[in-house]
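Me: Please take one loop of this model and look at it closely, residue by residue, and then follow its surroundings outward into the neighbouring parts of the chain. I would like one connected account rather than a list.

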Amino acid sequence: QVQLVESGGGVVQAGGSLRLSCAASGRTLSSVYMAWLRQTPGKEREFVAAIKWNDGSTYHVPSVVGRFTISRDNAKNTVYLQMNSLKPEDTAVYYCAATATYYRGPYDYWGQGTQVTVSS
């Protein structure tokens, strides 16, 4: 089992920055992908970024390239999503997820989600 706890969401003006954190606990993470996804009401959950825990390989959806960066801190068992140049369309609930199979899922473990609101 892996437990995931997100933090760092909030309200920010367009152009601003936020950093989301996902603290992981439980089984060893060495062979998993950690991912961030987001969801807005009435839409399917959307992949944002992922990182392979053992070698740090990263994947970002094109709409966030150059603005968002996923990273990890092995010592803290924590994954981060640094979000810069935020836009109103980035408003969503952001979820942290983990999978041992493929960076795009399916995901085996989920956090509770954290709300990000970008005002124009």
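Reply: Setting aside residues up to four places away in sequence, N84 touches G16, S17, R67 and F68, and this, like everything that follows, is read from a predicted model. N84 lies in the loop between strand 8 and strand 9, and it counts as partly exposed because its relative accessible area is 29%, which falls between the 20% and 50% limits. The side chain of N84 also makes a polar contact with the side chain of Q82, at 2.9 Å. Although N84 and G15 are 69 residues apart along the chain, their C-alpha atoms are separated by 7.0 Å.

S85 belongs to the loop between strand 8 and strand 9 as well. Its backbone deserves a remark, since S85 has a positive phi of about 50° although it is not a glycine. With a relative accessible area of 40%, S85 is partly exposed.

L86 is found in that loop too, but it counts as buried, because its relative accessibility is 2% and the limit for burial is 20%. Leaving out residues up to four places away in sequence, L86 touches V12, A14, G15, G16, S17 and L18, and also R67, F68 and V118. L86 and V116 are 30 residues apart in sequence, with a C-alpha to C-alpha separation of 9.9 Å.

R67 appears among the contacts of N84 and again among those of L86, so to speak from the other side: it lies in the loop between strand 6 (58-60) and strand 7 (68-73). At 10% relative accessibility, R67 is counted as buried, charged residue or not, because the value is under 20%. Beyond its sequence neighbours up to four places away, R67 touches Q82, M83, N84, S85, L86, K87 and D90.

Moving back along the chain from the loop, one comes to strand 8 (78-83), where L81 is a useful residue to follow. Not counting neighbours within four places in sequence, L81 is in contact with L18, R19, L20, W36, V48, A49, F68, T69, I70 and Y94. L81 is also one of the residues that touch the most other members of the largest nonpolar core, a set of 37 residues; L4, M34, W36, M83 and Y94 are the others named with it. At least two residues of this core come from each of strand 1, strand 3, strand 4 (33-39), strand 5 (46-52), strand 7, strand 8, strand 9 and strand 11 (114-119). In soluble globular proteins, nonpolar side chains tend to be buried together.

Strand 8 is part of an open sheet of four strands, in the order 1-3-8-7, with antiparallel pairing. Strand 1 and strand 7 are its edge strands, each pairing on one side only, and neighbouring strands of the sheet are turned by 20° against each other on average, direction ignored.

At one edge, strand 1 (residues 2-7) shows alternating side chains: V2, L4 and E6 point to one face and are buried, whereas Q3, V5 and S7 point to the other face and are not. Strand 1 runs antiparallel to strand 3, and six bridges join the two; within this pairing V2 stands opposite G26, and E6 stands opposite C22. S21, which is placed in strand 3, is counted as buried because its relative accessibility is 15%. Apart from neighbours within four places in sequence, S21 is in contact with V5, E6 and S7, with W36, and with T78, V79 and Y80.

C22 forms a disulfide with C96, the sulfur atoms being 2.0 Å apart. The pair links distant parts of the chain, since C22 sits in strand 3 (residues 18-26) and C96 in strand 9 (residues 92-99), 74 residues apart. The link is left-handed, with -75° about the S-S bond, and both C22 and C96 are buried.

Finally, the loop between strand 7 and strand 8, which holds N77, offers a backbone parallel to S85: N77 has a positive phi of about 50° although it is not a glycine. N77 is partly exposed, with a relative accessible area of 29%.

Key. Residues numbered from 1 in each chain as written. Predicted model: local features only at pLDDT ≥ 70, side-chain atom pairs only at ≥ 80, totals over all residues. Heavy atoms only, no water. Disulfide = S-S within 2.5 Å. Buried < 20%, exposed > 50% of the residue type's maximum accessible area, 1.4 Å probe, protein only. Pairing = 2+ DSSP bridges. Contact = heavy atoms within 4.5 Å. Core = buried A, V, L, I, M, F, W, Y, C linked by side-chain atoms within 4.5 Å. Polar contact = N/O pair within 3.5 Å; in protein donor to acceptor, adjacent residues only side chain to side chain. Axes fitted to C-alpha atoms, helices over the stretch in contact; angles between N-to-C directions.
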